[in-house]
Amino acid sequence: MNALPPCPRCHDEYTYQDGEFMMCPSCGHEWNPADVPATEAAKVWKDANGNILQDGDTVTLVKDLKIKGSSAVVKVGTKVKNIRLIEGDHDIDCKIDGFGPMQLKTEFVKKS
């Protein structure tokens with residue numbers, strides 16, 4: 001079986017070929033595989049101190065963070081376990097005990 005490359009926009013693995021173009025059924029992106037560079041630089045996420053973060057790391061907040069739409073505040077020093085790194089404005093997808101699922105920016109955490 002021939003493995004097709006994932007979508008360069010949404011990284012979905014369910015792409016298909018339509019003539020000389022590749023199509024993504026999830027986001028509708030259409031591209032020519034010859035135009036995509038063969039080696040794309042992998043994004044590196046760094047914490048507030050410049051340490052490289054990876055999926056599954058434990059991080060600590062370096063700043064009090066207000067929760068949008070609530071009067072609650074996640075205090076500095078709160079540990080967040082088993083983070084997941086994602087693309088976008090907020091780089092970390094996690095679950096904070098007592099607050100639930102949340103997304104954080106890497107600039108407000110340090111690696112524990």
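Guide: Let's start with a yardstick: a residue is buried under 20% relative accessible area, exposed over 50%, and partly exposed in between (1.4 Å probe, protein chains only). This is a predicted model, in which local features need pLDDT of at least 70 and side-chain atom pairs count only at pLDDT 80 or more, while totals for chains, interfaces and linings use all residues. Residues are numbered from 1 along each chain as its sequence is written, and side-chain values use heavy atoms, with hydrogens and water left out.

Visitor: Why is cysteine 10 called partly exposed?

Guide: Cysteine 10 has a relative accessible area of 35%. That value falls between 20% and 50%, so partly exposed is the right label. Cysteine 27, at 33%, is partly exposed too.

Visitor: How do you know that the structure holds zero disulfides?

Guide: A disulfide is a covalent bond between the sulfur atoms of two cysteines. Here a pair counts when the sulfur atoms are within 2.5 Å. The sulfur of cysteine 10 has its closest cysteine sulfur in cysteine 24, 3.5 Å away, so that pair is too far for a bond. For cysteine 27, the closest cysteine sulfur belongs to cysteine 7 at 3.7 Å, which is also too far. The count for the structure is zero.

Visitor: What makes aspartate 47 buried?

Guide: Its relative accessible area is 6%, and that is under 20%, so aspartate 47 counts as buried. Leaving aside residues up to four places away in sequence, aspartate 47 touches Leu53, Thr106, Val109, Lys110 and Lys111, where contact means heavy atoms within 4.5 Å.

Visitor: Where along the chain does aspartate 47 lie?

Guide: Aspartate 47 is in the loop between strand E3 (30-31) and strand E4 (59-61). Strands (E, at least two residues) and helices (H or I, at least four) are DSSP runs, numbered from the N terminus. The protein chain has eleven strands and zero helices.

Visitor: Why is the protein chain called more spread out than a compact globule?

Guide: The radius of gyration, taken over C-alpha atoms, is set against a globule rule of 2.2 Å times the number of residues to the power 0.38. For 112 residues the rule gives 13 Å, but this chain has 18 Å, well over that value, so the chain is more spread out than a compact globule. Along its principal axes, the C-alpha trace spans about 55 × 30 × 25 Å.

Visitor: How many of the 112 residues count as buried?

Guide: The share that counts as buried is 27%.
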